[in-house]
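Trainee: Could you show me how to read a structure like this, one feature at a time?

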Amino acid sequence: MKITPEIVAAHGLKPDEYAHILRVLNREPNITELGIFSAMWNEHCSYKSSRVWLRTMPTTGPQVVCGPGENAGVVDIGDGQVAIFKMESHNHPSFIEPYQGAATGVGGIMRDVFTMGARPVANLNALRFGATDYARTRHLVSGVVAGIGGYGNCIGVPTVGGEVNFDPGYNSNILVNAMCIGVADADKVFYSTASGVGNPVVYVGSKTGRDGIHGASMASAEFDENSEEKRPTVQVGDPFTEKLLLEACLELMAGDAVIAIQDMGAAGLTCSAVEMASKGGLGLLLDLDNVPCRESGMTAYEMMLSESQERMLMVLHPDRTEAARAIFDRWELDFAIVGETTDTGRFVIRHRGETVADLPVDVLADQAPVYQRPWTPTQPASYLAAKDVPDTDDVGATLARLMGGPHLASRRWIWEQYDHMVMGDTVQRPGGDAAVVRVHGSRKGIAATTDVTPRYCAASPFEGGKQAIAEAFRNLSAVGAKPLATTDCLNFGNPERPEIMGQFVGCIEGISEACRALGMPIVSGNVSLYNETSGVAIPPTPAIGAIGLLNNIDQMATIAFKQDGDVILLIGETAGHLGQSLYAREIAGRTDGAPPAVDLAAERRNGDFIREQIISGNVTAAHDVSDGGLLVALSEMALAGDRGCTVTLPDAASPRHAYLFGEDQARYVLSIAPGRRDALIAAARAKQVPFTELGTVGGIDIILDGKPVQTLAALRRAHENWFPEFMEG
Amino acid sequence: MKSCVIVFPGSNCDRDVAVALKASSGMEPQMVWHSETELPKCDLIVLPGGFSHGDYLRSGAMAARAPIMRALSARAKAGTPVLGLCNGFQILTEAGLLPGALMRNAGLKFICRDIFLKVENIHNVFNRNYADGQVVRIPISHHDGNYFADAATLDRLESANRVAFRYCTASGDVSAAANPNGSLNNIAGILNETGNVLGMMPHPERLISPELSGTDGRAMFDALASLLQTA
């Protein structure tokens, strides 16, 4: 086949990129080779627009065993164990085919984790959908949630947390970001670096079919009104096979057969083979005649670009190959020797007796173009003063509207469709600040959260980026966990537009600064660009996933008020910042204004303080103050504990609506047994942690300055009913 | 004396139930792979939850025809206690060891949440540590838990007091509102004629310690443990 400019363009390669290929090869590539280049050099696999910025992020720390560059990040959790985790996007497929798109996103992220030798112990997901009155939203919510549940429930890994936003900015480009956390022994972590010459390259798992061909390229292009036609590029998941693959891989990894292993994710066989060879400085020979295929007559091109799910590629010790085969036979999975490592530095593919590709590994892996894309900083939004945002004449009704609206309503409708208890270690279920899973067989716990506030990022990428990390830090601290490390899933529009690139750069800089200040380095992640449809980009959405460690789960805090008479304390300073708050948007209809500034020193000080207090047993409940502000945080604690509260605002607190609904950062609400009050307050003074005593726990109402503003029963109805009623339409 | 847990491809609560058995009895159960044809000598057999064979075809349908099931069936008929939890219950009905079928939940969605159960029969090895009519909180986690049987079968179950658990409210009210999945007569678990085979959709193994936010499942495993120790 003659390679025409049209064919080059159809492969998502720019003319200058193709010129570079001609230069390094010193000849024209054939169609298979062109496909391989397109798979390796697309945005999704090569990070060509983001790489220069990703390099600036903090990725190291004493707790970091392995940072970005492997299948997932690895962090020390003590006692000879590590946590391995990552978050990844599956946005485009989920918009086209929500059930399978979301399901295979979950399957893919779990493979990233068990490829490294870890047993997955928890899944989370960060979801963004379009407006609630947009025709397609319900269908997408329903399909995505069913797909996530369908995959995670079947494989038997609990889905314990996550977040959901609705915004018209996602109408035609939803975001499905899936996170997985696994636990492994520190001396049993597996990497993707091949070594040795003449070692067998082994294919295991599902057979290869024609599904998902060019999935990674699709993920690197904008959408238009014809996106529906891309449905055949969405892969179909089989969680049952993945469960078998998980057990077989972990059984194999208990021995010493594996030299290198890489899951076949985006760009399947191509990416996994090139990655292993490139990291080992080796060449690799593949014979496609041995690849297990689901259908006959597949071409080399199709096999190399298929994204069939539930497949792994490994380099094994030659004398362990037959023992390895026996394991996969027992789990009734395909096991095929499809090639070997070589010392040529070339990626050679044979099919039906002919060489169908012969390419330099280093060029494929390392010489993908890297772009320094032009960018323009986002115009800073001006400060929105509280006096310019109207007060509410009915605090109770306003509270019910927020708590019973799309942004804050209970997500129970979603998480009850996820098995969040399987594996028997879920010690903090969904609905709190962070989920906590016990490290099996120990008293330790891993806390996990996902966070970002896209409306903040849109108004100020830098502050929004900082805030995403700060909120993750707070959510982990509020359960008593020490924040350990971060994974990021950077969802943005078309990077070839300078204003989008400006959002990207601003967010990265904010995230980096906060990660440094709060000791939460980035250890893994993924970039999803081109989230646009017909030229309209999504709000900048750098979703953050973070984990923390509890040394003793008995010390864990939850958000639920526990005991009538407990003292309620607000930690942190309240200036009453209403810009970009839910109150300003949903109640006052103001979408302008700068987001709250994030004081990272205050975050650190306040977070460290409340964590110490939780661990020392001084706190009966803790909750970070975020979306919706103070009154929402109090209401969530009251609903969770089924106990009301009586709160008196301090005299200096004005204007009142700004105090109640402002979204100032670095704040927490604590409840404290009366006998511990003095000790905690003394400790706060000693550490110069600002605090305000607000009132006490008890009753069946939220009572504000002597007046009941809502009964718990009415608030609960509003909070619990919104989601099911929305979904029932 | 010991217990066995049957593991099918796709079982995923096998470890959880093994942990519960060990916590109550101090003894590790023996895990038995589905393709075995013989069962070791044991005093209790557990069919764990999960998605055996991916729930493809019908939940439990393929597992019910696994090689080990012939041996299991013989043991069950000889009186060995057999406990089927969730997918295990589905397998027992598909294997004909318990009557009826578990259909798709009436609401069509997968449901994972704590529910309340009324203990309806305590005269068996599984429930003897519960009080008659006791209300217990146990999680469910299933897509296909909607119990169905024809009228004659249902009559037989009811008149022989073979319903072990029913879905109820926190105060013990067996009502339509307390029925999470559309099961006939709010049935959550049933016994065979001789009372040595129990199938139930809820997961008692998930609430066996305070840190898992409940202990109501523990009594079943304690009862079975004393059986294991005295047998």
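Mentor: We will go from whole chains to sheets, helices, a single residue and the contact between chains.

Mentor: Please keep in mind that this is a predicted model.

Trainee: Where do I start with chain A, and how many helices and strands are there in it?

Mentor: Start with the inventory, then turn to overall dimensions. Chain A has 25 helices and 28 strands. Its radius of gyration is 26 Å, close to the 27 Å that the globule rule gives for 729 residues, so chain A is as compact as a globular protein of that length. The box filled by its C-alpha atoms, taken along the principal axes, is roughly 85 × 50 × 45 Å.

Trainee: What share of the residues of chain A is buried?

Mentor: In chain A, 62% of the 729 residues count as buried. You can add a look at sequence separation: of the contacts in chain A with a separation of 6 or more, 85% are between residues 24 or more positions apart.

Trainee: And how does chain B read on those points?

Mentor: Chain B has 5 helices and 11 strands. With a radius of gyration of 16 Å, close to the 17 Å from the globule rule for 231 residues, chain B is as compact as a globular protein of that length, so the reading is straightforward. Its C-alpha atoms fill a box of roughly 45 × 35 × 35 Å along the principal axes. Buried residues account for 55% of its 231 residues, and 76% of the contacts between residues at least 6 apart in sequence join residues at least 24 apart.

Trainee: Now sheets, please. In what order do the strands β7 to β13 of chain A run in their sheet?

Mentor: When you read a sheet, follow the spatial order of its strands and then look at the edges. This open sheet of 7 strands has the order β8-β10-β7-β11-β9-β12-β13 in chain A, with mixed pairing. At the edges stand β8 (258-263) and β13 (354-360) of chain A, each with a single partner strand, so one side of each has no neighbour in the sheet. On average, neighbouring strands are turned by 20° against each other, direction ignored.

Trainee: Can you take me down to one strand pair, and then to what packs on the sheet?

Mentor: Gladly. Strands β7 (residues 200-205) and β10 (residues 311-316) of chain A pair in the antiparallel sense over 5 bridges. Within that pair, A:Val204 has A:Met312 in β10(A) as its bridge partner. Helix α3 (residues 31-41) of chain A packs on the sheet, touching β12 (346-351) and β13 of chain A, with its direction at about 35° to that of β13(A). Helix α13 (residues 321-330) of chain A also packs on the sheet, where it touches β7, β10 and β11 (334-342) of chain A; its direction makes about 150° with that of β11(A).

Trainee: What is the strand order in the sheet that holds β22 to β28 of chain A?

Mentor: That open sheet of 7 strands has the order β23-β25-β22-β26-β24-β27-β28 in chain A, again with mixed pairing. Its edges are β23 (621-624) and β28 (707-711) of chain A; each has a single partner strand, so one side of each is left without a neighbour in the sheet. From one strand to the next the twist averages 25°.

Mentor: For a pair here, take β24 (residues 645-647) and β26 (residues 691-697) of chain A, antiparallel over 3 bridges. A:Val647 stands opposite A:Gly695 in β26(A). Helix α21 (residues 600-615) of chain A lies across β22 (567-571), β23 and β25 (668-672) of chain A, at about 20° to β25(A).

Trainee: How would I read a parallel pair, such as β1 and β2 of chain B?

Mentor: Count the bridges, then trace the connection. Strands β1 (residues 3-7) and β2 (residues 30-33) of chain B run parallel and are joined by 4 bridges; B:Ile6 has B:Val32 in β2(B) as its bridge partner. From β1(B) the chain passes through helix α1 (residues 14-25) of chain B to β2(B), in a right-handed β-α-β crossover.

Trainee: Why does A:Pro98 count as buried?

Mentor: Burial is read from a neighbour count, with 20 or more as the cut-off. A:Pro98 counts as buried because it has 25 C-beta neighbours inside 10 Å. A:Pro98 lies in helix α7 (residues 98-114) of chain A. Beyond its neighbours within four places in sequence, A:Pro98 is in contact with A:Leu140, A:Gly143, A:Val144 and A:Gly147. The C-alpha atoms of A:Pro98 and A:Gly143 are 4.9 Å apart, with their positions 45 residues apart along the chain.

Trainee: Last one: how many residues of each chain are in contact across the two chains?

Mentor: There are 22 residues of chain B in contact with 22 residues of chain A. On the chain B side, α1, β6 (111-119) and β7 (135-142) each supply at least two residues, and β6(B) gives the most, with 3 residues.

Methods:
Residues are numbered from 1 along each chain as its sequence is written. Chains are lettered from A and ligands numbered from 1 in the order in which they are written. This is a predicted model: local features need pLDDT of at least 70, side-chain atom pairs count only at pLDDT 80 or more; totals for chains, interfaces and linings use all residues. A residue is buried if 20 or more other C-beta atoms lie within 10 Å of its own, exposed if 12 or fewer, and partly exposed in between; C-beta atoms are placed from the backbone. Two residues are in contact if their C-beta atoms, placed from the backbone, lie within 7 Å. Two strands pair if DSSP finds at least two bridges between them. A crossover is right-handed if, with the strands pointing away from the viewer, the path from the first strand over the helix to the second runs clockwise. The radius of gyration is taken over C-alpha atoms; the globule rule is 2.2 Å times the number of residues to the power 0.38. Axes are lines fitted to C-alpha atoms, for helices over the stretch in contact, and angles run from 0 to 180 degrees between N-to-C directions.
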